[in-house]
2 protein chains.
Amino acid sequence: MTVQALLTASKAAAPLLARASNELKNQALSAIADELEARVAEVLAANQIDMRESQTKLSSSLLDRLQLTEQRIKSLAKAVREVIDLPDPTGKILEEKKLPNGLHLQKVSVPLGVIGVIYEARPNVTIDIAAIALKSGNAVALRGGSAAENTNRVLIDIVQVGLSSVGLPKELVQTVDEFGREGAQQMMQARGLVDVLIPRGSANLIQTVVNESKVPVIETGDGVVHIYVDSEVDDSIVTPIIVNAKAQRPSVCNALETLLIHEAVAQHLLPQISKALVDAGVTIHGCERTQAIISCVPAADDEWEREYLSLDLSVKVVSSLDEALSHIAKYSTHHTESILTSNPVTAERFLNENDSAVVMVNASTRFTDGGEFGFGAEVGISTQKLHARGPMGLRELTSSKWLVRGSGQVRS
Amino acid sequence: MTVQALLTASKAAAPLLARASNELKNQALSAIADELEARVAEVLAANQIDMRESQTKLSSSLLDRLQLTEQRIKSLAKAVREVIDLPDPTGKILEEKKLPNGLHLQKVSVPLGVIGVIYEARPNVTIDIAAIALKSGNAVALRGGSAAENTNRVLIDIVQVGLSSVGLPKELVQTVDEFGREGAQQMMQARGLVDVLIPRGSANLIQTVVNESKVPVIETGDGVVHIYVDSEVDDSIVTPIIVNAKAQRPSVCNALETLLIHEAVAQHLLPQISKALVDAGVTIHGCERTQAIISCVPAADDEWEREYLSLDLSVKVVSSLDEALSHIAKYSTHHTESILTSNPVTAERFLNENDSAVVMVNASTRFTDGGEFGFGAEVGISTQKLHARGPMGLRELTSSKWLVRGSGQVRS
């Protein structure tokens, strides 16, 4: 078996799923959840091998992502069952019109076809993506990385047993892990077999895929996220929002990385913000003006473009909204920015003039999330402008096609 | 000036257009149309230089595309004025909801930013794309090819004079032609400066851009288009639709390239189809079974994947709908396919099981067109599944962003 042959099998299987009823897809999801719960011990055993082999190679945060527990596996099964209740995103009539010449046009939602996903050391993604892909009618080819190889092998088998049990081809969910790095390389070249590639993981991984792929890519996740505290602001909301955005879950892409604060309120607000952050375990990397107000680590010149994904925060005092906007334009990855202000005119300028996927007023950046937005399931957060922007749900895994019904019309 | 500097200027100018009112954008379009009409002689003189220099280098169909006449220039100005009347595709609220925690979410349409367009020997595209980009709030960087360089230089100046006359920066519409092939090369690398690349032209050009670009690409236009004549069909519609689809304008992407016909009706229908096609100047390249029924050129093995763009048509007799569907799946570029049938069940199967941007029943494939679909203006026909599929109008040159308005919400 070659990667090409494997992906050709994905492509051949995809139309069978595209035409499957929502009921059959839900039966498959239910069978997968059952199988996952029945084989917890087997998954744990495989995961322990991966954990042992990665112990000295991965950081503790990556090891934490790699590890599955009985509880985590049960949560995964529960998440699969939740996908059953979501509406089928395919077969929706998105637009409909009758032309003067009598042609009847319908634009309907259809699956994308074959989705490639490249990720690292996160076996939960294997089940999550398989469930979301199935529900949206897409075949999926996965490259889950060598660290999670044993776990993923069992998880893929569980999914394939579930598929077979309802009469769907197991080629709908496949892994290219056995081919090592070559598997990912060839997926990136497989234009015509793979319809879209979604990298999930480090900024490095995403950059590599974006640079090397000939298959269209949806960029997700990289988040140098800003909050700007305006000169006019309700003091009471400032510290809670900043602490929540930074410290509630620092390892995720919607966590705050840079705080910008207007000079008119910095003197007054920074001490209380700083105290709460330090209490939450955060290290502040401040600009010179920040250093003059609170005790902190001096921010290096390249600090402003860093996505810490840790309990670190860069802080800069700015002289105006304009300075805040140009700082964000320069350093943002266009994921999420939030302004804290009581002035509605300032709020609207911030909303309009930031070129990011999600722009907020008086809210924690942690809300940029498919679950929070009510999508039910999340594929990732798109930071690009084509096809999907911001949190991606089932709908973002569909395309459309035009159906034209006539009675002999020719063009004049 | 480097390509990088030029594109940086595009990116810096783009937000000014993104925030311009529909009224100001319309004033700019009106000024451009006026300027174009006032400088017809200058455009013609430049075009004559290009025509002279290309006389021995280009095919007659490319020379026809390169040539501008007074009439064609006036039509271009008219097309620019027609864009004024189209609705502004930006600033539309696409979705709106209030979350249980009180957060107010809006998904609004916004311009993509900077659009790069790479095309060949078609100076009309320069004006068309400039108008469509302006209306949709996007800056545009053009690479129009060496053959049309003199014409395009004057046309770009006309657009820039129009922009300046209403106070918009001329950097909103720029050409990289002065940098030769390097201009196109660098646009393809300019991730972060250019938001999307749209190649318009030969299949070769499109393939090169798709393979080499690091900027997201929208693939347009390549059309190996099929009509399948079913065993059950109203005879009277067959010949008119086939002649229209093939011969009305053979050089365009929605023109018919391969006719598939069911064996049950081939004997009876092929002679009349063939006569009408031959009368229209068409050369038929037939499979063996076709050759047994009508006189034609034998089709070579690679004929089925060819986009002739000329008065040539490949014809194949098939034994079933399934054979027609698999032939299309193998050779189609996923642009447009049409079935001629009187059986509604067969029609629905054809609509559902073809994975093409536009699938038709009993209609000429020539209807796949932004103008015919009522979009008012057309950017091209997307044959890919991400972002846009089928005819692309102004709306397809927009992205979206989420605006979130809160009152101090934090995530629990």
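## Helix α2 of chain A

The expected span of a helix is 1.5 Å times one less than its number of residues. In this predicted model, helix α2 of chain A covers residues 22-38, which makes 17 residues. From its first C-alpha to its last it reaches 24 Å, close to the 24 Å expected.

Let's look at what this helix packs against. Its buried residues are K25(A), N26(A), A28(A), L29(A), A31(A), I32(A), A33(A) and L36(A). Their cover includes three helices of chain A, namely α5 (70-84), α6 (123-135) and α7 (149-165).

## How the two chains are related

Chain A superposes on chain B after a rotation of 180° with 0.0 Å of shift along the axis, at an RMSD of 0.1 Å. The two copies are therefore related as by a two-fold rotation axis. Within chain A, H387(A) has the C-alpha nearest that axis, 1.8 Å away. Both copies use the same surface, as 98% of the contact residues of chain A recur in chain B.

## The contact between the chains

Chain A gives 53 residues to the contact and chain B gives 54 residues. On the side of chain A that touches chain B, the elements giving two or more residues are α9 (203-212), α10 (235-247), α14 (344-353), β13 (358-363) and β16 (398-409). The largest share, eleven residues, comes from β16(A). By type, this side of chain A has 25 nonpolar, 18 polar and ten charged residues.

Strand β16(A) also pairs across the contact: five bridges join it to β13 of chain B (residues 358-363), and the two strands run parallel. Here W402(A) stands opposite V358(B), a residue of β13(B).

Key: Residues are numbered from 1 along each chain as its sequence is written. Chains are lettered from A and ligands numbered from 1 in the order in which they are written. This is a predicted model: local features need pLDDT of at least 70, side-chain atom pairs count only at pLDDT 80 or more; totals for chains, interfaces and linings use all residues. Helices (H or I, at least four residues) and strands (E, at least two) are DSSP runs, numbered from the N terminus. A residue is buried if 20 or more other C-beta atoms lie within 10 Å of its own, exposed if 12 or fewer, and partly exposed in between; C-beta atoms are placed from the backbone. Two residues are in contact if their C-beta atoms, placed from the backbone, lie within 7 Å. Copies are superposed by least squares on the C-alpha atoms of residues with pLDDT of at least 70 in both. Ala, Val, Leu, Ile, Met, Phe, Trp, Tyr, Cys and Pro count as nonpolar, Asp, Glu, Lys and Arg as charged, and the others, Gly among them, as polar. Two strands pair if DSSP finds at least two bridges between them.
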